[in-house]
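Colleague: I am new to reading protein models. Could you walk me through this one?

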Amino acid sequence: MAEEFAKQDEYTGQEPAVNNGQPEEKQGRRKSRAVSVFVIILVVAFVGYLVLWKCGYRFTSRSLLRTDVLAGESSLQIAEDEFVFDCIVSEGFGTVRNGTISSVNVIKKSSFLYRKLSEDSDCISKFSLQNKAKEDLATVMIVKGAERNFLFFSWIYDSVDPNDRVENESGMVLALKPRLYSEYVTINGTSQKLMNKSYVAVSGEVLSIVINGMELSMVPQ
């Protein structure tokens, strides 16, 4: 047998190779390293996911939508550019307030992630709208986007004389009237109709607001 191994290969002129198990050992080490790398990637991905979740990021906007809709209200979502505006619409407050947006949650889209912004976010500003007598007539929330600004108007209501009360379709007696109200606003000299009597999007910085022919001052809240 030893003589056969000592012979040279008839075709190659070399001694036959002896399998000493080293290729199998190298392959085993490569598999072990691959498994280790895969486990590390999974751990890093999981930790990253927890960090994003803790910071308020979600993979869909649906999980961030508000659920505090009450009787006489409805939910409305407005998707615009990099935002989703999650709104509550008042439905049971008479002809003026019927269908107006009463509150807004701002959800920002970042690539494939969504995050609800707080009211003190850098891109959200709130202003009181005042006449020349410095009376607060309405408020506006401006959300600054990359290409457009989004305005949400809220109307301020006063109590009226009991003799001026009116009843809505449900028979509810109302004694409120807005200090200022219009379905149209003029922003930077251009008249635009408000969606849901509350919302409009404009290009560029908001320099002037005119409602019912009255130019209003924007006072930061």
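**Reading the model step by step**

Modeller: Start with Glu 135, which sits in the loop between β6 (124-130) and β7. Keep in mind that this is a predicted model.

Colleague: How much of Glu 135 is accessible, and what is that called?

Modeller: The relative accessibility of Glu 135 is 43%, so this residue counts as partly exposed. Partly exposed lies between the buried limit, under 20%, and the exposed limit, over 50%.

Colleague: Which residues does Glu 135 touch, beyond those up to four places away in sequence?

Modeller: Glu 135 touches Leu 129 and Gln 130. Now try a distance along the chain and in space. Glu 135 and Ser 217 are 82 residues apart along the chain, and their C-alpha atoms are separated by 9.9 Å.

Colleague: Next, the sheet. How do strands pair in general?

Modeller: Strands of a sheet pair through backbone hydrogen bonds, either parallel or antiparallel. Here, 8 strands form an open sheet, in the order β14-β13-β16-β17-β6-β7-β8-β15. The pairing is antiparallel.

Colleague: Which strands stand at the edges?

Modeller: β14 (190-193) and β15 (199-203) do. Each has a single partner strand, so one side of each is left without a neighbour in the sheet. On average, neighbouring strands of this sheet are turned by 35° against each other, direction ignored.

Colleague: Over how many bridges do β7 and β8 pair?

Modeller: Strand β7 (residues 136-144) pairs with strand β8 (residues 148-155) over 7 bridges, in the antiparallel sense. Look at Lys 144: this residue stands opposite Asn 149 in β8.

Colleague: Now cysteines. What is a disulfide?

Modeller: A disulfide is a covalent bond between the sulfur atoms of two cysteines. In this case, a search of the whole structure finds 0 disulfides.

Colleague: Is Cys 87 buried or exposed?

Modeller: Cys 87 has 0% relative accessibility, so this cysteine counts as buried. Cys 123 is buried as well, with a relative accessible area of 16%.

Colleague: Where is Cys 87, and what is in contact with this residue?

Modeller: Cys 87 is in strand β3 (residues 83-90). Leaving aside neighbours within four places in sequence, the contacts of Cys 87 include Ser 74, Leu 76, Ile 101, Val 104 and Phe 152. One more pair: the C-alpha atoms of Cys 87 and Asn 105 are separated by 6.3 Å, with the two residues 18 residues apart along the chain.

Terms used: Residues numbered from 1 in each chain as written. Predicted model: local features only at pLDDT ≥ 70, side-chain atom pairs only at ≥ 80, totals over all residues. Heavy atoms only, no water. Helix = DSSP H or I, 4+ residues; strand = E, 2+ residues; numbered from the N terminus. Buried < 20%, exposed > 50% of the residue type's maximum accessible area, 1.4 Å probe, protein only. Contact = heavy atoms within 4.5 Å. Pairing = 2+ DSSP bridges. Axes fitted to C-alpha atoms, helices over the stretch in contact; angles between N-to-C directions. Disulfide = S-S within 2.5 Å.
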